[in-house]
Amino acid sequence: MTVLRVLLLEDSEDDAELVIRRLKQGGYTPSLVRVQTASAMEDALRTQTWDIIISDYSMPQFSAPQALRVLKESAVDLPFIIVSGTIGEDTAVSALLGGAHDFLLKGNLARLVPAVERELREAQERRRRRSAERELRLAEERFSKAFHSSPVAISIATLEQGRYIDVNDSFLKMLGYTRSEVVDQTLRQLGAWADPTDAERAIQVLKETGTVRDWEIKFRTKSGETREAFVSLEAISLDDTSTVLTLIHDITERKRAEMAIRESEERFRLLAENSTDMIARHNTTGAYLYVSPACYSLLGYQAEELVGHPAEEFFHPDDIANAAVWRDTSSAAPRPDTYTVAYRVRHKDGRYLWFETTGKTIRDPQSGAITEIQTSSRDISLRKRDEEALRRYNQRLQILHSIDQAILSAQSAEAIAKLALRYFSQEAPFEGSSIAVFDFEAQQGSVYIAKGRDSDAPMASKQIPLPDWHAQDIAALRTGTTQVIEDSASDLPPDLQALLNNGAHSFLRIPLIAQSELLGTLTLSAKDTASLTPEFREIAGEVAAQVAIAILQARLDEQIRRHALELEQRVVERTAELLRTKERVEAILNNSSDAILFVSRDGMIQQVNPAFNDLFGYSANDIFGKSLLHLANDTNADLLREAMQHCMNTLQPQNLDFVAARQDDSLFQADIALAPLRQDNELQGLVCGIRDITVRKLAQEELQRALDKERELSELKSSFVSMVSHEFRTPLTTLLVSSEILKHHRDRLTEERQTHHFDTMGTQVRRLSALMEDVLTFSKSEAVGFEFSPLPLDVVDFCRTLADELQVITKSPHQIVFKESGVNTPFAGDEKLLRQIVTNLLTNAIKYSPQGGGIELNLHSEPDQITIRIKDTGMGIPEEDQKHLFEPFHRAKNVGTISGTGLGLPIVKRAVDAHKGTIGMESKVGVGTTFIVTLPRNPQIPLRNEDQPAS
């Protein structure tokens, strides 16, 4: 039976047993762990390996959607099958969209085993695809390195549209474009092919055969210059798209040289006698009939030495079949009248030269039979050498490409060295070769040796301590200089000594350097230095550069692997440290006096410490899964919600004072600190600390009241000093002036003027007396409040009498009009305080109505209260001053020089408060002011006559 590792998300043991039984019936041996919470699932995914997850849809503390989120966050690819009771179709579809792979009903588990088998197959297929994708990416990276570093101009374009997908730097350099100017352009848009029909014919051949080799074309650069090239095309598939891989070799310079030669031949061909080409006439068997004098300079023969001899007599035996085109001149088969052949011809001194001969058949005008053949021959040995050099260059590129492809697939320096030596052995003219790889950190050198030219011969390897290479030798290698060394040199380095015993006498030694780092050496041995041609040295240098890059890349890959292993070890150690830290944190939390909670991202309480239970009266089971807002009073819930949202959005800690509610609905002042909890830069929830600050709040409030009282007293003190300095100075000055006048000039004053000064002094004395009375009255009210002694009072007679007295005392031009309405019933009030109220309000009405006019005193009696209205038509009170009128020493800004202490209205307010009444005001600047005093007929105040003692 197959062992199946199952992570089961189920709260019912019976349902779990049904799943186990069904899996066993299906041929599986379940290795099963059952979890019921998100944290348990996270631990299981982190610590164990599973084949499949089977989950109930809904559990008391967990659900399938939550489990899918946990699985997604863990980045583990596991099949997820939901097995649940009857639920709606919409819920099932939603679960499948959320990532579930199948949905089964508990009442019908027949589909369970087939579903498990199908999902296991699909999971395996997904893993296989991911592995294939990784391999494909690595192959693409290797191809990209070879593509972009190649000295050959290479491009990749779509087969159908000819749209460029990518080009290498050599392509851009050859055509003079930037990458952005080429990529995504079509062949026609770029205009790189001088003749678009060449491109169309090449693509057609490519579609038919899959490849095009050395197609000679003309191409146009960005600057408009037309050049010539050999083009090779290969049909390849990239990402299921048919594309064309194009290699371009610029042959413009060579073609120009050829053109120059042809033009020269054409100009002088008619001047046969002076021509550098050998002009000749042959009969139909090929014998010379005539030879121009150039034959001497070309072949060393005089003309008469050649005439009568067949041309084939001087041909290289291997070239006779191709060069002797005059053979079978009688054949009826079509033959060209003009031809050009290249062949080797023997010089008089015995050496062979390459000739290119252009021949033309001369026919009888009547019969059309060939009568003779005329030829023009030139020495093309130099061109042949150039062509051979080009062939060797192409061969060299092929070698480099093969080596590059091989070493890019290697995973270690040893594999790279052996592959490079094996491929190099197939072409290079040397007796042996070696690659030494230096490890300066380990002070070790590894030498890999290939002897002879047999690429299949076994290779030797040696481990040699790095100190065996002398410091001066290492220093010379670091300069990057290629060395040619004879075996007669004394004290050869170890990598040369390894090649001594196979007939070698000369060595070519090339440092392997990449990114300015010395990685080793490539050493080649030959019988003599003549074998180590400049061309071969250049090839070896390029191979060395590729090997160095590959070794450096392999070392970097190895470092990455080691780093990954070290990271894995550190993760294990870090996990253990985190577990220890978790234990310490839990100990701190469990012994903290503050309530500490963990809240999920949706604001639900997931975990609390014991102090929370003591502070709020909840148990963990009572509060688990409830919103944090459940702990706040209704009036504070919005503030707490905003603080939570701000903390989650900004990932910054937040502090908030709020009114918290215990389980028994009792309230207390609390301070809450919110801090975001993140994992892998993703918010997991909030950590909350709550502290009871009721005592602290009470202390703060008490301190604030004391500060407010102190500030108020300070302001009163400042206002009092300002008022006294102003209000006392004016009457005292007047008293001083009048007294001085009477003292020194009384004999010259009339009796009327003396009386005036005495009256003035009396007025000012009364003013000072009234001022002191107001100050003492206000001070008393501030210290102990007004003594309130209510007595039965005829308030109508009281108000009328008081209005008449003030009319007389103030000698005011204003007319005080008293009006009364309602029913005059007994009223209990403090006569002294009532006098303060009415007198101050009437006095202010007179004082602040400087233009005269009427003043109304209205008294309205009702069963439960009396209302006193005092209205004037004076200057009015500015709106900005109205809210400060009852504050001590405050005066409106528009009173000008009118004297006053600013205590009258505060005294009135306190007198009204003593009666438990209210005072209001209506005022408009330039129109007048009305004060409205309402005093209750307090039934709790016993009415008594003045003759009856107070009880």
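Here is a quick look at the cavities and the largest pocket in this predicted model.

Let's start with the enclosed spaces. There are 3 cavities of 30 Å³ or more in the structure, and the largest cavity holds about 170 Å³ of space. Its lining is made up of 19 residues. If you want to find the spot on screen, look for Ser-155, Tyr-164, Leu-187, Trp-193 and Thr-246, which lie nearest the centre of the largest cavity. Strand S8 (153–158) and helix H6 (169–175) each put at least two residues into this lining, and so do strands S10 (211–220), S11 (226–238) and S12 (241–250).

Now for the open space. The largest pocket has a volume of about 2600 Å³. It is lined by 46 residues, with Ser-39, Glu-42, Phe-598, Gln-679 and Gln-684 closest to its centre. Which helix gives the largest share of this lining? That's H18, with 9 residues. Helices H2 (38–47), H3 (64–74) and H18 (534–591) are among the elements that each supply at least two lining residues. On the strand side, S24 (595–600), S25 (605–608), S27 (667–679) and S28 (682–692) each do that too.

What kinds of residues line the two spaces? Here is the breakdown by class:

| Lining | Nonpolar | Polar | Charged |
|---|---|---|---|
| Largest cavity | 15 residues | 4 residues | no residues |
| Largest pocket | 19 residues | 15 residues | 12 residues |

So to speak in plain terms, the lining of the largest cavity has no charged residues, whereas the lining of the largest pocket has 12.

Technical notes. Residues numbered from 1 in each chain as written. Predicted model: local features only at pLDDT ≥ 70, side-chain atom pairs only at ≥ 80, totals over all residues. Heavy atoms only, no water. 1 Å grid on protein atoms, 1.4 Å probe; cavity = no way out; pocket = protein on both sides within 12 Å on 5 of 7 lines; lining within 4 Å. Points joined across faces, edges and corners; volume = space filled by probe spheres on them. Helix = DSSP H or I, 4+ residues; strand = E, 2+ residues; numbered from the N terminus. Nonpolar A, V, L, I, M, F, W, Y, C, P; charged D, E, K, R; others polar.
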